Amino acid sequence: MFLFFKLLPPYMTDLKIKSALESLGRQPDAATMSKGDISEAIRKRLEIDSADNFDLGNSLTVEARGSSKVIRIAYETTVPMMFNISALLNFDHRVEVRGGQ
């Protein structure tokens, strides 16, 4: 039970981050957006979902692949458990959007 309550908040935040990324991937103009525009769109969505304590700047990468883009959010979070024991959680989400550059 202890682990559940300690690890639930980071996983809930991750679900919000994944949802924001998938929502952006469904936007028809996502493939034409700049990295700054993508970051701002995701940041706004996370702010609405109360997950705005997340450092998007260091986690977001946008890679052009021909006529599509791969938008990736990869990050780690450390959850203190007790004494000198912590849990390191790794999250990696990506979405490919097709369209113009």
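**Exercise 1. The nonpolar surface patch**

Determine which residues form the nonpolar patch on the surface of this predicted model, and how much accessible area they have together.

*Solution.* Step 1: the members of the patch are Met-1, Phe-4, Phe-5, Leu-8, Met-12 and Leu-15. Step 2: taken together, these residues present about 660 Å² of accessible area.

**Exercise 2. Leu-8 within the patch**

Locate Leu-8 in the secondary structure, and decide whether Leu-8 is buried, partly exposed or exposed.

*Solution.* Step 1: Leu-8 lies in helix 1, which covers residues 2-25. Step 2: the relative accessible area of Leu-8 is 32%. Step 3: buried requires a value under 20% and exposed a value over 50%; Leu-8, at 32%, is therefore partly exposed. Step 4: patch membership requires over 30% relative accessible area, and Leu-8 is one of the patch residues.

**Exercise 3. Secondary structure and overall dimensions**

State how many helices and strands the protein has, in which pattern they follow one another, and what the C-alpha trace spans along its principal axes.

*Solution.* Step 1: the protein contains two helices and three strands. Step 2: along the sequence their pattern is α-α-β-β-β. Step 3: the C-alpha trace spans about 50 × 25 × 20 Å along the principal axes.

**Exercise 4. Burial, surface and charge**

Give the buried percentage of the residues, the composition of the accessible surface and the separation of the mean charge positions.

*Solution.* Step 1: 33% of the 101 residues count as buried. Step 2: the accessible surface amounts to about 6500 Å², and carbon and sulfur atoms contribute 54% of that area. Step 3: the protein carries 13 positive and 13 negative charges, whose mean positions are 3 Å apart.

Definitions and conventions
Residues are numbered from 1 along each chain as its sequence is written. This is a predicted model: local features need pLDDT of at least 70, side-chain atom pairs count only at pLDDT 80 or more; totals for chains, interfaces and linings use all residues. Side-chain values use heavy atoms; hydrogens and water are left out. Helices (H or I, at least four residues) and strands (E, at least two) are DSSP runs, numbered from the N terminus. Buried means under 20% relative accessible area, exposed over 50%, partly exposed in between (1.4 Å probe, protein chains only). Accessible areas come from the Shrake-Rupley method with a 1.4 Å probe; for residues, only the protein chains shown count as cover. Lys and Arg count as positive and Asp and Glu as negative; His and the chain ends are not counted. The place of a charge is taken as NZ of Lys, CZ of Arg, CG of Asp or CD of Glu. Patches are made of residues with over 30% relative accessible area and no salt bridge: like charges are joined within 9 Å, nonpolar side chains (Val, Leu, Ile, Met, Phe, Trp, Tyr) within 5 Å. A salt bridge is a side-chain nitrogen of Lys or Arg within 4 Å of a carboxyl oxygen of Asp or Glu.
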